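Q: Please give a close reading of one helix in this structure and of the surroundings into which it fits. A formal account for a newcomer would be welcome.

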Amino acid sequence: MLTAGKILRSITDLALPTKCAVCGRDLILAEDTICIRCLADLPLTHFWEYQHNPMADALNGQVEAPSGMYLNAAALIYYKSDYKAIPKGLKYGRDFKEGRYFAAMLARRLAVSDGFRDIDLVMPVPLHRFRRWKRGYNQAEIMAKAMVGAFPGASLDNHSLSRIRNTRTQTVLNEAEREKNVRDSFSFRNPSAAERPGHILLVDDVFTSGATTAACCKAIFEKCGGGVRISVATLAYAGND
């Protein structure tokens, strides 16, 4: 059945066709953001189904969590082939609609996973204020806003975690250099006992070595100790599959 929204979209698409976020093909009316062919081949990680996965193990290898806590971590897709266009489109191409679409897809999967379902605070990895001013937005914040609604009772926090050093881009650095580059780069506002969250979901676009998210986790634990759990979610995982 053709709804008013579908009719409006079909008229709009005549003038400006909607493209697949992966292959760039014009989408038909039944498709949204990604074509059926690319959706069928979407390289899902399924990390949300397993507490121990390569992403979570890499993160826990860098963060000494209080009381032996194990940090959950999951990405929607593997960062490979044409599917690299998904996080790249959000980060560099201002593809906010596509970013929100895939972030929501990830959130729906996390919300029914035992390790993520009790999230009460969603927090984007922050950019330094100069880099945010230069780019005009924080891609992790776009994702976090699209994800928070999947977790009943959860709220969005854009302010407690801040980036206090304007570090070099991580893309050109090796693993050791990445860790050194972001060391002590984040600060977490010390919350009162009443404000202290139980389970934070830390959101970013791509997990490569895990150095950035590990540095964020360390800053949070420094102020909150073992009174808070942290999990990590990203659009893509760039490690070995």
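**Helix 7 and its surroundings**

A: Asn138 caps the N-terminal end of helix 7, where one of its side-chain oxygens lies 3.0 Å from the backbone nitrogen of Ala140. The model is a predicted one, and the values below are computed from it. Helix 7 spans residues 139-147, and seven of its nine residues are buried, so the helix is largely enclosed by the rest of the structure. The buried positions are Gln139, Ala140, Glu141, Ile142, Met143, Ala144 and Met147.

One of these deserves separate attention. Glu141 lies in helix 7 and has a relative accessible area of 11%; because the limit for a buried residue is 20%, Glu141 counts as buried. Leaving out residues up to four places away in sequence, Glu141 touches Pro124, Arg132 and Asn158.

Met147, another buried residue of helix 7, leads to the interior of the chain. The largest nonpolar core has 69 residues, and Met147 is among those with the most contacts inside it, together with Leu110, Leu161, Leu201, Leu202, Ile220 and Phe221. Helix 9 (residues 211-224) gives this core its largest share, eight residues. Leu161 shows how such a core residue is surrounded: apart from neighbours within four places in sequence, Leu161 is in contact with Met123, Pro124, Pro126, Phe186, Ser187, Phe188, Leu202, Cys216, Ala219 and Ile220. Pro124 thus appears in the contacts of Leu161 and also in those of Glu141.

Helix 7 also serves as cover for another helix. In helix 4 (residues 85-93), the buried residues are Ile86, Pro87, Gly89 and Leu90. Viewed down the axis of helix 4, these residues fall within an arc of 160 degrees, so they line one face of the helix. Their cover includes helix 7, along with strand 1 (72-78), helix 5 (96-111), strand 6 (199-207) and strand 7. After helix 4 comes Arg94, which has a positive phi near 60 degrees.

Strand 7, named in that cover, also takes part in the aromatic contacts of the chain. The count of aromatic pairs comes to seven. In one of them, the ring centres of Phe47 and Tyr237 are 5.3 Å apart and the planes stand at 75 degrees, so this pair is edge-to-face. The pair links distant parts of the chain, since Phe47 sits in the loop between helix 2 (36-40) and helix 3 (54-60), whereas Tyr237 belongs to strand 7 (residues 229-237), 190 residues apart. Phe47 and Tyr237 are both buried. A second edge-to-face pair is formed by Tyr101 and Phe102, with ring centres 5.0 Å apart and planes at 85 degrees. Tyr101 counts as partly exposed at 23% relative accessibility, while Phe102, at 0%, counts as buried. Ring pairs further join Phe47, Tyr78, Phe207 and Tyr237 into a cluster.

The chain as a whole gives the setting for these details. Its secondary structure comes to nine helices and seven strands. Of its 241 residues, 47% count as buried. Among contacts between residues at least 6 apart in sequence, 71% join residues at least 24 apart. The accessible surface comes to about 12100 Å², and 52% of it belongs to carbon and sulfur atoms.

Note on methods. Residues numbered from 1 in each chain as written. Predicted model: local features only at pLDDT ≥ 70, side-chain atom pairs only at ≥ 80, totals over all residues. Heavy atoms only, no water. Buried < 20%, exposed > 50% of the residue type's maximum accessible area, 1.4 Å probe, protein only. Helix = DSSP H or I, 4+ residues; strand = E, 2+ residues; numbered from the N terminus. Polar contact = N/O pair within 3.5 Å; in protein donor to acceptor, adjacent residues only side chain to side chain. Phe/Tyr/Trp six-rings, centres within 6.5 Å; stacked < 30°, edge-to-face > 60°. Core = buried A, V, L, I, M, F, W, Y, C linked by side-chain atoms within 4.5 Å. Contact = heavy atoms within 4.5 Å. Areas by Shrake-Rupley, 256 points an atom, 1.4 Å probe, with all protein chains shown as cover. Arc of directions from axis to C-beta.
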